[in-house]
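Visitor: Hello! I am new to this structure and would love a close look at one part of it. Could you show it to me first?

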Amino acid sequence: MKRIVQLTLGIMTALGGFVDLGQIVFTMQAGARFGYALLWTIGLGAIAIILYMEMCGRVAAVAHKPVFAVVRQHLGSRLGVLTLVGSNLLNLITCAAELGAIAIVLHLFFGINERIALLGGTLVLGAMVWLLRFQWIERTFGLSGLTMIVFAVAAWKLRPDWGAVAAGLVPRMPGHGSTDVLLYAYFAVGIFSALLMEYEVHFYSSGAIEEGWTAKDLPENTIVSTTGIVLGSLLTCALLILGAMVFLPDGIFPNQLSTTALPVALPMGKLALKVALLGILACVASAAVETALSAGYNVCQFCDIKWGKNIPPKEAPVFTALWVGTLIVALFIAITGIKPLTLVNFSIMFGMVMMPLTYYPILTSARDRTLMGEHATKNVQLILGWVFFGVIVIAAVAAFPLMILTHSGQP
Amino acid sequence: MKSVVWRWLALALLFVLGCSRSSVMDHEQLASERKQLHSLDAETALLDRIIATKHATPTFVHAHAEYLRRASHELAQQLGKARAAPGAEAELERLRADATRLEERFIARMLL
């Protein structure tokens with residue numbers, strides 16, 4: 001019984017913690033611009049993240065190696081340092097965007113000044129991470145993220161044309177000139193990248209080590225990573241459907257975070273709007289915490305320094321200084337007034353460029369028989385892993401050119 | 001290592017160039033600005049529908065309207081600074097007038 005409760009909690013946490021600012025923005029904008037036509041990218045991204053998250057959880061459980069330990073081993077020191085610097089820069093930018101989003105949501109909820117909300121929000125977040133153990137951090141934010149389900153309920157209530165929704169799961173090119181094709185490709189890459197953001201696997205793999213996973217926990221790893229992500233992806237689909245149903249007919253392109261809550265308010269009213277805002281708050285707060293902690297995890301794992309949220313801060317001073325420092329620097333970036341949506345646009349494309357350097361070491365470690373023994377990646381999963389790695393490389397090469405050509409996806 | 005740094009700097013420069021729009025606007029760019037203007041206008045109408053049905057809290061409505069006003073102000077400023085490519089002067093003038101009208105509507109709404 002205890003096992004089932006733990007498993008259910010794990011799935012719910014994975015579901016609640018799956019969506020972040022990048023997904024909210026990119027999927028709603030994609031729906032507003034192309035209707036259901038980009039739903040297939042959510043399916044593609046979901047399969048890829050299930051594969052890679054399962055792999056990094058397995059490597060952590062069997063070989064007790066987190067992501068950045070395998071990055072150092074497989075990429076060597078030079079490329080490894082480049083990956084580390086790039087990943088932590090990405091964590092910093094993403095964290096700043098999420099903190100900025102927290103301030104916006106608090107402003108929308110209570111009407112308090114954005115800067116005060118930013119300072120207060122960051123302080124509360126920092127205190128929570130300082131005081132709570134890893135498991136409780138994960139559960140608190142993950143479970144409160146479940147309030148995002150209100151978006152799925154709103155999508156259901158608006159009665160979408162399910163035939164058209166299903167047709168969106170099959171890739172097809174838009175037929176209105178080169179600008180549309182470029183924008184379509186930009187949003188396809190953006191959604192794919194948002195689903196595969198590196199900090200998610202850094203955090204998941206570090207969490208597996210924090211919680212002391214062993215080979216016995218492999219079934220839990222498979223069930224949690226698969227079910228949690230499938231359900232989280234359905235939620236992401238709901239965001240795209242809402243964008244297509246509420247914004248597309250009126251020609252609205254959601255460029256404000258506040259706009260993304262409107263599709264819930266429209267069919268369901270005030271209470272649902274409040275729940276939606278709570279959901280967004282939980283998602284962005286969760287992502288801010290995960291990126292800050294990941295910055296500490298990455299450096300310590302790469303340099304083989306003692307780390308962990310479940311040990312007293314005094315015993316892991318570098319790790320503690322790194323996550324606290326990331327939160328503080330991110331706060332300074334956010335306080336300059338840079339729009340969170342501008343930051344998240346950049347972080348998603350930059351994340352895509354960096355992605356092959358994170359996922360290649362995971363793929364090669366998970367199939368390594370000397371490291372993983374009988375738990376090494378088997379044939380079908382390995383082939384799929386390489387196929388998706390190819391997709392990741394193509395998307396990484398295309399990311400910045402598409403960003404430049406489409407002026408960051410402006411319609 | 002130096003060459004790596006230069007490559008990253010070049011990439012950053014390209015990014016900045018990519019994200020910024022040229023101040024000389026041709027028909028294609030003006031069409032894009034027109035879409036943004038239309039989007040803001042339509043969003044205001046959507047907000048009005050939500051207000052009419054009392055589906056949003058006053059705090060949310062006020063804050064969201066302020067974000068929309070800021071966006072329309074930025075758009076009006078951007079268009080104010082822009083120069084038109086040959087043949088696109090009249091279109092730019094029309095857009096400027098529409099953007100100013102939209103911003104004024106937002107200001108009037110905030111004063112209510």
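Visitor: How far apart are the end C-alpha atoms of α4(A), and what would a straight helix reach at 1.5 Å a residue? Please take a close look at that helix and then show me what is around it.

Guide: Happy to! One thing to keep in mind from the start is that this is a predicted model. The end C-alpha atoms of α4(A) are only 39 Å apart. The helix has 44 residues, and a straight one would reach 64 Å at 1.5 Å a residue, so α4(A) falls short of the straight span. Look along the helix for A:G76, where α4(A) bends by about 130 degrees. Just past the end of the helix comes A:G111, which has a positive phi, near 80 degrees.

Now let us step back to the chain that holds this helix. Chain A has 17 helices and 0 strands. Its radius of gyration is 20 Å, close to the 22 Å that the globule rule gives for 411 residues, so chain A is as compact as a globular protein of that length. Its C-alpha atoms fill a box of roughly 55 × 50 × 50 Å along the principal axes. Of the 411 residues, 58% are buried. Among contacts in chain A with a separation of 6 or more, 86% are between residues 24 or more positions apart.

The bent helix also takes part in the meeting of the two chains. In that contact, 25 residues come from chain A and 26 residues from chain B. On the chain A side, at least two residues each are supplied by α4 (67-110), α12 (262-268), α13 (270-303) and α17 (379-405). Sorted by class, that side has 12 nonpolar, 11 polar and 2 charged residues.

Let us follow α13 of chain A a little further. This helix contains A:C283, which is buried because 28 other C-beta atoms lie within 10 Å. Leaving aside neighbours within four places in sequence, A:C283 is in contact with A:V19, A:D20, A:G145 and A:M148. Compare A:A61, which is 222 residues away from A:C283 in sequence and 26 Å away in space, C-alpha to C-alpha. In the loop between α13 and α14 (317-335) of chain A you will find A:D304. Its phi is positive, near 55 degrees, in a residue other than glycine. Most residues other than glycine have a negative phi. A:D304 counts as exposed, with 10 C-beta neighbours inside 10 Å.

Both α12 and α13 appear again around another helix, α7 (residues 149-157) of chain A. Here A:V150, A:F151, A:A154 and A:A155 are buried. Seen down the axis of α7(A), the buried residues fall within an arc of 145 degrees, so they line one face of the helix. What covers them includes α11 (218-247), α12 and α13 of chain A. After α7(A) comes A:R159, whose phi is positive, near 50 degrees.

A little further along is helix α8 (residues 162-167) of chain A, which holds A:V165. This residue counts as partly exposed, with 17 C-beta neighbours inside 10 Å. Not counting residues up to four places away in sequence, A:V165 touches A:Y36, A:L39, A:P160 and A:I241. The C-alpha atoms of A:V165 and A:A244 are separated by 10.0 Å, although the two are 79 residues apart along the chain.

Finally, let us return to the partner chain. Chain B has 4 helices and 2 strands, in the order α-β-α-α-β-α along the sequence. Buried residues make up 24% of its 112 residues. Helix α2 (residues 27-52) of chain B holds B:S32, which is partly exposed, with 17 other C-beta atoms within 10 Å. Not counting residues up to four places away in sequence, B:S32 touches A:Q410 and A:P411. On the chain A side, look also at A:S408, in the segment after α17. A:S408 has a positive phi of about 55 degrees although it is not a glycine, and it counts as partly exposed, with 18 C-beta neighbours inside 10 Å.

Notes:
Residues numbered from 1 in each chain as written. Chains lettered and ligands numbered in written order. Predicted model: local features only at pLDDT ≥ 70, side-chain atom pairs only at ≥ 80, totals over all residues. Rg over C-alpha atoms; globule rule 2.2 N^0.38 Å. Buried ≥ 20, exposed ≤ 12 C-beta atoms within 10 Å, placed from the backbone. Contact = placed C-beta atoms within 7 Å. Nonpolar A, V, L, I, M, F, W, Y, C, P; charged D, E, K, R; others polar. Bend = angle between axes of the 7 residues up to and from the residue. Arc of directions from axis to C-beta.
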